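Q: Please take a close look at one part of this model and describe how it is packed. A connected account, residue by residue where possible, would be appreciated.

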Amino acid sequence: MELPHNNELEEAILASVLIDARKLDELQERGINEEYFMNTKHQVIMEALPKILSERGIIDAITLIEWLMEHEISGTVAAQYVPKHDHSKRLITFVPHDFVA
């Protein structure tokens, strides 16, 4: 039996951290960690975010990709969440992209 989950919500949570690293603190204060994600790629990213912040002092799409590549995780993870601004609705959407090192 598969538990219900929302892939788009998981993507939005991860993207919010890439936009504002303070969101990671808010998630951690609520006890939200990689175990809350059903998508295994998202679990890997969520587990990596605190490590990246600790090691580099910054979290963004570039540092995430670099970190994943340095740790040889690149071929298995949707690592790039690129914010795109829709000027008409003033919304931000997030598009995951797999990459190969």
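A: In this predicted model, methionine 46 touches Leu14, Leu24, Leu27, Ile32, Asn33, Glu34 and Phe37, when residues up to four places away in sequence are not counted. Two of these partners, Leu24 and Leu27, belong to helix α2, and together with Gln28 they meet Met46, Leu49, Pro50 and Leu53 of helix α3. By class, this contact of α2 with α3 comprises six nonpolar residues and one polar residue, with no charged residue.

The geometry of the pair can be stated as follows. Helix α2 spans residues 22-29 and helix α3 spans residues 40-56; their axes come within 11 Å and cross at roughly 120°. Because an angle of this value lies outside the ranges for roughly parallel, roughly perpendicular and roughly antiparallel, α2 is oblique to α3. The crossing in which α2 passes α3 is left-handed.

Met46 also has a place in a wider assembly. The largest nonpolar core contains 16 residues, and Met46, Leu49, Ile59 and Leu64 are those with the most contacts inside it. Two or more residues of this core are given by each of α1 (7-19), α2, α3 and α4 (61-70). Helix α3 supplies the largest share, five residues. As a general background, nonpolar side chains in soluble globular proteins tend to be buried together.

Leucine 53, likewise found in helix α3, takes part in the contact with α2. Its relative accessibility is 26%, and leucine 53 therefore counts as partly exposed; the buried class requires a value under 20%. Leaving aside neighbours within four places in sequence, leucine 53 is in contact with Ala21, Leu24, Ile58 and Ile59. Of these partners, Leu24 is also touched by Met46, while Ile59 is among the residues with the most contacts inside the largest nonpolar core. The pairing with alanine 21 joins positions that are 32 residues apart in sequence, yet their C-alpha atoms are 8.0 Å apart in space.

Helix α4, one of the elements that contribute to the core, also holds threonine 63. This threonine has a relative accessibility of 10%, and so threonine 63 counts as buried. Apart from residues up to four places away in sequence, threonine 63 touches Ile52, Arg56 and Ile58. Ile58 is thus a shared partner, since leucine 53 is in contact with Ile58 and threonine 63 touches Ile58 as well.

Note on methods. Residues numbered from 1 in each chain as written. Predicted model: local features only at pLDDT ≥ 70, side-chain atom pairs only at ≥ 80, totals over all residues. Heavy atoms only, no water. Axes fitted to C-alpha atoms, helices over the stretch in contact; angles between N-to-C directions. Helix = DSSP H or I, 4+ residues; strand = E, 2+ residues; numbered from the N terminus. Parallel < 35°, antiparallel > 145°, perpendicular 65-115°, else oblique. Left-handed = near helix turned anticlockwise from the far one by under 90°. Contact = heavy atoms within 4.5 Å. Nonpolar A, V, L, I, M, F, W, Y, C, P; charged D, E, K, R; others polar. Core = buried A, V, L, I, M, F, W, Y, C linked by side-chain atoms within 4.5 Å. Buried < 20%, exposed > 50% of the residue type's maximum accessible area, 1.4 Å probe, protein only.
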